[in-house]
Amino acid sequence: MDIKHILAQNPMLPAYRDDLDVAAAQPAVPLRWQRYPGGIGPVGHDEAGFAFDCERPRHRVYVEDYQLASRPVSNAEYAEFIADGGYGRSDCWLADGWELIQRAAWQAPLYWRREDGGWSEMTLGGLRELDPQAPVCHLSYYEAEAFAAWAGARLPSEAEWELAAQNAPVAGSSSSRTGCSRWPPGPGPGARARATVRRRLGMDRQRLSTLSGLPRPGRQPGGIQRQVHVRADGAAWRLLRHPASACAQQLPQFLLPGHALAVLRLRLAREA
């Protein structure tokens, strides 16, 4: 979304394209909590084909019983956080996140603009009225953490995401092309419920979650390496390096936790 960010710096807020349709307004969908049983389950990639080394080897992890929200956080819900003084409450923020928003004077998500008592959002079609029921996006990791704390919830762990979405690939996602999500059957909801979960989680493949950044048990060096430098999966800065490459490229794949350029959605988790 580099072009969107460039256009958003222009005081005229020009559109990238003038023929982009406005999405039809959607009714509010109640947020429900889907419970997942804890226990020991497999995570990681153990099949032939491409995988980053931090996704290998396949190993077992233990998680407590947990719950995931049935849908991502909406713009309307995030606006409630703002209206409640969320950007002025230090108790909601990680210390470094609080220092950042004070220094940078953040008051809302990256592309939001307050106009005539309401909110608008910069899009590739120009500045448009904020859709209250659309998922809030372009959040930094710090903002996601703060909202989750305010809402009495938390961000899901990477292991919780994998175990919730196991048993089959999500159609159309990058994981279905690489085979990363073809995990064997394990504890979880029934087949119909799993299909629903996969459809919903498939839209969140760019999502914010917590990640320790430590190597997985038994990981061997070499090959393609993806190094996580901060504790934020969706908002981390990662370096992709192929030692056999003639130019040994180092490419930024994701962003630091204080950046919000990527289209990242926010789905909450909590203890069961």
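Asp84, Arg89 and Asp91 are linked in a network of salt bridges, so let's start there in this predicted model. A search of the whole structure turns up eight salt bridges, and a few others are worth a look.

Take Glu99 and Arg103, whose side chains meet in a salt bridge at 3.0 Å, N to O. Both residues lie in helix 3, four residues apart, which is about one turn of the helix. Glu99 is partly exposed, because its relative accessible area is 42%, and partly exposed covers the range between 20% and 50%. Arg103 has 57% relative accessibility, so Arg103 counts as exposed.

Now go to Arg17, which forms a salt bridge with Asp19; here the closest N and O atoms are 2.9 Å apart. Arg17 counts as partly exposed because its relative accessibility is 39%, while Asp19 is at 52% and therefore counts as exposed.

The pair of Arg154 and Glu160 is also joined by a salt bridge, with the closest N and O atoms 2.7 Å apart. How exposed or buried is Glu160? Glu160 has just 6% relative accessibility, so Glu160 counts as buried. Arg154 sits at 21% and so counts as partly exposed; the cut-off for buried is under 20%.

On to the nonpolar side of things. In soluble globular proteins, nonpolar side chains tend to be buried together. In this model, the largest nonpolar core has 27 residues, and those with the most contacts inside it include Tyr78, Phe81, Ile82, Trp93 and Trp112, along with Leu266 and Leu268. Helix 2 (75–83), helix 3 (95–104) and helix 4 (141–150) are the elements that give two or more residues to this core. Helix 4 gives the most, with six residues. There is also a second, separate core of 10 residues, which includes Tyr36, Tyr66, Leu68 and Ala164.

Which residues does Trp112 touch, leaving out those up to four places away in sequence? Among them are Asn75, Tyr78, Ala79 and Ile82, as well as Trp119, Ser120, Glu121, Leu130 and Val136.

Trp112 also leads us to a bit of sheet, as strand 5 covers residues 112–115. Strand 5 pairs with strand 6 (residues 118–123) in the antiparallel sense, over four bridges. Across that pairing, Arg113 stands opposite Ser120 in strand 6. The two strands form a hairpin with two residues between them, and Asp116 in the turn has a positive phi of about 50°.

Definitions and conventions. Residues are numbered from 1 along each chain as its sequence is written. This is a predicted model: local features need pLDDT of at least 70, side-chain atom pairs count only at pLDDT 80 or more; totals for chains, interfaces and linings use all residues. Side-chain values use heavy atoms; hydrogens and water are left out. A nonpolar core is a set of buried Ala, Val, Leu, Ile, Met, Phe, Trp, Tyr and Cys residues joined through side-chain atoms within 4.5 Å. Buried means under 20% relative accessible area, exposed over 50%, partly exposed in between (1.4 Å probe, protein chains only). Contact means heavy atoms within 4.5 Å. Two strands pair if DSSP finds at least two bridges between them. A salt bridge is a side-chain nitrogen of Lys or Arg within 4 Å of a carboxyl oxygen of Asp or Glu.
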